[in-house]
Amino acid sequence: MQQSAAVYATAQWELTPKWTLLGGLRAETLELSTEVPGTTLENQIDYTRFNPSLFATYAFSAKRRLRLSYTHKQQRPQPVDLNPGLVFSSATAVTIGNAALGPEEVDNLEIIYEVNRPHSDYRITGFYRFKDETIVTSSRVIADPQNLGNFVTETTRTNAGWERNYGLTATYSQRWNNTLNVYVDMTVTSVDIDVPELSIRRSDTALSGGVSLIYTLKKGSLSLNYKLNGRRYTTQGYRGANGSGMIDYRRNLKPKLSLVITVQEPLPLTKIETVAETNRFRSVSVSENRTPTIMIGLSRQLGGFSSVPKKR
């Protein structure tokens with residue numbers, strides 16, 4: 001059984017013609033009772049949290065602004081992570097929830113400088129994110145619960161250690177004659193993960209970004225998109241860098257009917273490597289896309305407003 005309640009209050013001040021300040025406070029309570037049917041196993045979680053937030057804007061001019069923000073919040077575990085029962089994923093792998101698993105505490109700080117022009121915009125964002133009581137995955141080898149003689153890996157989730165991400169994001173968009181729109185973004189992220197309970201410490205820097213081109217045709221549009229996902233670290237290991245692309249063509253057949261052709265991964269370059277590596281075990285899995293996916297369909301708009309002819 002779960003019961004939760006929350007209340008949120010905000011206040012805004014215009015300190016000067018250029019400075020605007022917005023503050024907020026969210027208070028929430030949670031009561032959660034769990035039990036395993038047929039056993040005496042049960043657990044009770046009861047907590048109250050206060051989450052402050054603060055946003056400030058400085059207007060250099062009508063086109064240039066500096067924004068600062070700070071938020072504190074919780075990320076609750078998934079219900080399956082709280083289930084204390086043993087779940088068999090296969091003959092050699094089981095998962096067991098942690099009924100006492102608590103939320104992650106997350107602090108997020110951002111500084112944004114943005115410029116808005118008639119046909120172009122750009123933004124530079126510096127960010128710092130810190131997680132405490134991080135929800136991490138822990139695995140170990142246990143005796144086979146089915147007594148079949150297999151080596152069985154038991155996986156559970158627990159609160160341990162901290163994670164820190166900081167870096168810069170730059171975005172730029174440009175419009176030409178209401179025909180071609182270009183959007184480019186790039187992010188550099190440094191990550192530090194420290195979980196003393198699992199003897200894990202990871203530090204590295206990852207690069208990610210993307211580009212999107214949208215060309216407006218006389219009776220439709222054509223868009224090209226490519227996204228580079230940098231290496232993503234977790235307490236269990238990392239997911240390797242990978243890229244993905246998409247081509248989308250749309251042609252208007254009637255005012256509310258369009259032909260849509262989408263090509264996902266037009267170049268067979270997508271390859272994702274996932275590595276789990278701790279002081280207890282190491283595993284590597286690789287997925288690869290060798291052929292593009294083509295989807296052809298019709299898009300029909302339903303409803304909407306229609307113009308009414310004026311009476312003469």
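User: Which strands each supply at least two residues of the lining of the largest pocket?

Analyst: In this predicted model, they are β7 (104-116), β8 (120-132), β9 (135-142), β11 (162-176), β12 (180-195), β13 and β15. β12 gives the most, with 4 residues.

User: How much space lies in that largest pocket, and what sits closest to its centre?

Analyst: The space comes to about 1,000 Å³. The lining has 34 residues, and Lys131, Glu163, Arg232, Tyr233 and Thr234 are the closest to the centre.

User: What makes glutamate 105 and arginine 49 a salt bridge?

Analyst: Their closest N to O distance is 2.8 Å, and the cut-off is 4 Å, so the pair qualifies. The two residues link distant parts of the chain, with glutamate 105 in strand β7 and arginine 49 in strand β3 (residues 42-59), 56 residues apart.

User: Why is glutamate 105 called buried, and arginine 49 partly exposed?

Analyst: Glutamate 105 has a relative accessible area of 16%, and buried means under 20%, so the label fits. Arginine 49 is at 23%, which puts that residue between the 20% and 50% limits, therefore partly exposed.

User: How do you know that glutamate 110 forms a salt bridge with arginine 129?

Analyst: The closest N and O atoms are 3.3 Å apart, within the 4 Å limit, so the pair counts.

User: Where are the two residues of that pair, in which strands?

Analyst: Glutamate 110 is in strand β7 and arginine 129 in strand β8, 19 residues apart. As for cover, glutamate 110 counts as buried at 18%, while arginine 129 is partly exposed at 32%.

User: What about aspartate 121 and arginine 175: what makes them a salt bridge?

Analyst: Their side chains meet at 3.3 Å, N to O, and anything within 4 Å passes, so they make the list.

User: Which strands hold aspartate 121 and arginine 175?

Analyst: Aspartate 121 lies in β8 and arginine 175 in β11, so the pair ties together parts that are 54 residues apart in sequence. A search of the whole structure finds 11 salt bridges, and Arg26, Glu28 and Arg76 are linked in a network of them.

User: Why is leucine 302 called exposed?

Analyst: The relative accessible area of leucine 302 is 73%, and exposed means over 50%, so the label holds. Leucine 302 sits in the segment after β21 (293-300).

User: And why is leucine 228 only called partly exposed?

Analyst: Leucine 228 has a relative accessible area of 33%, which lies between 20% and 50%, so neither buried nor exposed applies. Leucine 228 also belongs to a nonpolar surface patch of about 700 Å² accessible area, including Tyr172 and Val184. β14 (220-229), where leucine 228 is placed, gives the most to the patch, with 4 residues.

User: What is the order of the open sheet of 4 strands?

Analyst: The order is β15-β16-β19-β20, with antiparallel pairing.

User: Why do β15 and β20 stand at the edges?

Analyst: β15 (232-233) and β20 (282-288) each have a single partner strand, so one side of each is left without a neighbour in the sheet.

User: How do you know that β15 pairs with strand β16?

Analyst: 2 bridges join them, running antiparallel, and pairing needs at least two, so they pass. One of the contacts is between tyrosine 233 and its bridge partner in β16, tyrosine 238.

Methods:
Residues numbered from 1 in each chain as written. Predicted model: local features only at pLDDT ≥ 70, side-chain atom pairs only at ≥ 80, totals over all residues. Heavy atoms only, no water. Patch = residues over 30% accessible without salt bridge, like charges linked within 9 Å, V, L, I, M, F, W, Y side chains within 5 Å. Areas by Shrake-Rupley, 256 points an atom, 1.4 Å probe, with all protein chains shown as cover. Buried < 20%, exposed > 50% of the residue type's maximum accessible area, 1.4 Å probe, protein only. 1 Å grid on protein atoms, 1.4 Å probe; cavity = no way out; pocket = protein on both sides within 12 Å on 5 of 7 lines; lining within 4 Å. Points joined across faces, edges and corners; volume = space filled by probe spheres on them.
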